[in-house]
Amino acid sequence: MEKNKIKREDVPDVLRTALKAGKTNFVFIKKDGSRRAAVGTLNLDDVPDSDKQFKHSESEQAERPDQTSYYDLEKSGWRCCKFDSVVKIEEKEVE
(Lines give C-alpha, C1' and ligand atoms only; values in the text may rest on other atoms or scores of the structure.)
Protein backbone atom coordinates (compact mmCIF):
# COMPACT_ATOMS: atom_id res chain seq x y z
CA MET A 1 0.00 0.00 0.00
CA GLU A 2 1.21 3.49 -0.76
CA LYS A 3 2.37 5.67 2.11
CA ASN A 4 -0.33 8.32 1.53
CA LYS A 5 -3.26 5.89 1.33
CA ILE A 6 -5.59 4.39 3.92
CA LYS A 7 -7.53 1.21 3.26
CA ARG A 8 -11.30 1.66 3.53
CA GLU A 9 -11.55 -0.99 6.28
CA ASP A 10 -8.96 0.89 8.38
CA VAL A 11 -10.88 4.19 8.41
CA PRO A 12 -12.71 3.59 11.74
CA ASP A 13 -9.51 2.87 13.66
CA VAL A 14 -7.42 5.54 11.93
CA LEU A 15 -10.02 8.29 12.33
CA ARG A 16 -10.95 7.47 15.94
CA THR A 17 -7.28 7.27 16.95
CA ALA A 18 -6.49 10.60 15.30
CA LEU A 19 -9.54 12.33 16.82
CA LYS A 20 -8.71 11.03 20.30
CA ALA A 21 -5.14 12.34 19.94
CA GLY A 22 -6.32 15.87 19.12
CA LYS A 23 -7.06 18.25 16.26
CA THR A 24 -7.64 16.22 13.07
CA ASN A 25 -8.32 17.39 9.52
CA PHE A 26 -10.51 15.07 7.45
CA VAL A 27 -12.84 15.19 4.47
CA PHE A 28 -16.12 13.34 4.00
CA ILE A 29 -19.01 13.31 1.56
CA LYS A 30 -22.22 14.80 2.99
CA LYS A 31 -25.66 13.30 2.35
CA ASP A 32 -26.26 15.89 -0.40
CA GLY A 33 -23.12 14.67 -2.22
CA SER A 34 -20.95 17.69 -1.44
CA ARG A 35 -17.52 17.41 0.13
CA ARG A 36 -17.02 18.73 3.64
CA ALA A 37 -13.59 19.47 5.07
CA ALA A 38 -13.77 19.18 8.84
CA VAL A 39 -11.42 19.90 11.71
CA GLY A 40 -12.46 17.82 14.69
CA THR A 41 -11.36 16.19 17.92
CA LEU A 42 -12.38 13.73 20.61
CA ASN A 43 -9.73 15.05 22.99
CA LEU A 44 -11.73 16.85 25.68
CA ASP A 45 -8.75 19.11 26.41
CA ASP A 46 -9.50 20.76 23.03
CA VAL A 47 -13.25 21.16 23.71
CA PRO A 48 -14.55 24.33 25.40
CA ASP A 49 -15.85 23.75 28.94
CA SER A 50 -19.35 24.81 27.88
CA ASP A 51 -19.50 21.90 25.40
CA LYS A 52 -18.01 19.16 27.56
CA GLN A 53 -21.40 18.07 28.94
CA PHE A 54 -21.78 15.83 25.89
CA LYS A 55 -19.19 13.14 26.45
CA HIS A 56 -18.51 10.72 23.65
CA SER A 57 -18.33 7.23 25.12
CA GLU A 58 -16.96 3.94 23.85
CA SER A 59 -20.34 2.30 24.52
CA GLU A 60 -22.00 4.70 22.07
CA GLN A 61 -19.39 3.76 19.46
CA ALA A 62 -20.13 0.09 20.02
CA GLU A 63 -23.80 0.77 19.32
CA ARG A 64 -22.93 2.68 16.14
CA PRO A 65 -19.94 0.95 14.57
CA ASP A 66 -20.64 2.71 11.25
CA GLN A 67 -19.97 6.26 12.50
CA THR A 68 -18.28 8.42 15.07
CA SER A 69 -19.16 11.60 16.88
CA TYR A 70 -16.57 14.36 17.03
CA TYR A 71 -16.31 17.94 18.24
CA ASP A 72 -16.15 20.24 15.22
CA LEU A 73 -13.55 22.89 16.06
CA GLU A 74 -14.70 25.21 13.25
CA LYS A 75 -18.45 24.98 13.93
CA SER A 76 -18.02 24.77 17.73
CA GLY A 77 -20.37 21.85 18.20
CA TRP A 78 -20.71 18.10 18.29
CA ARG A 79 -21.25 16.38 14.92
CA CYS A 80 -21.15 12.84 13.57
CA CYS A 81 -19.66 11.30 10.47
CA LYS A 82 -20.21 7.92 8.81
CA PHE A 83 -16.99 6.06 8.17
CA ASP A 84 -17.99 5.02 4.66
CA SER A 85 -18.27 8.68 3.65
CA VAL A 86 -14.69 9.59 4.66
CA VAL A 87 -12.39 10.22 1.69
CA LYS A 88 -9.35 11.75 3.39
CA ILE A 89 -7.77 11.84 6.86
CA GLU A 90 -5.05 14.43 7.30
CA GLU A 91 -3.06 14.11 4.06
CA LYS A 92 -3.94 10.49 3.38
CA GLU A 93 -6.50 9.51 0.76
CA VAL A 94 -8.89 6.62 1.44
CA GLU A 95 -8.86 3.88 -1.18
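**Close-up views of a predicted model**

**View 1. Aromatic rings that pair up.** This predicted model has three aromatic pairs, counting rings whose centres lie within 6.5 Å. One of them joins Tyr71 and Trp78: the ring centres sit 5.3 Å apart and the planes meet at 75°, so this is an edge-to-face pair. Tyr71 is also a buried residue, at a relative accessible area of 1%. Look as well for Phe26, Phe28 and Tyr70, which together make up one aromatic cluster.

**View 2. Cys80 and Cys81, two cysteines without a bond.** How many disulfides does the structure hold? The count is zero. For Cys80, the closest cysteine sulfur belongs to Cys81 and lies 7.7 Å away, which is too far for a bond, since a disulfide needs sulfur atoms within 2.5 Å. Cys81, likewise, is in no disulfide, its nearest cysteine sulfur being that of Cys80. Their surroundings are worth a glance too: Cys80 is partly exposed, with a relative accessible area of 43%, whereas Cys81 is buried, with a relative accessibility of 2%.

**View 3. The open sheet and its edges.** Follow the seven strands across in the order β1-β7-β6-β2-β3-β4-β5, and you have traced an open sheet with mixed pairing. Its edge strands are β1 (5-6) and β5 (77-82), each of which pairs on one side only.

**View 4. Strands β2 and β6 side by side.** Here β2 (residues 24-29) and β6 (residues 86-89) run antiparallel, joined by three bridges. Which residue of β6 stands opposite Val27? That place is taken by Lys88.

Technical notes. Residues are numbered from 1 along each chain as its sequence is written. This is a predicted model: local features need pLDDT of at least 70, side-chain atom pairs count only at pLDDT 80 or more; totals for chains, interfaces and linings use all residues. Side-chain values use heavy atoms; hydrogens and water are left out. Rings of Phe, Tyr and Trp (its six-membered ring) pair if their centres lie within 6.5 Å; planes under 30 degrees apart count as stacked, over 60 as edge-to-face and the rest as tilted. Buried means under 20% relative accessible area, exposed over 50%, partly exposed in between (1.4 Å probe, protein chains only). Two strands pair if DSSP finds at least two bridges between them. Helices (H or I, at least four residues) and strands (E, at least two) are DSSP runs, numbered from the N terminus.
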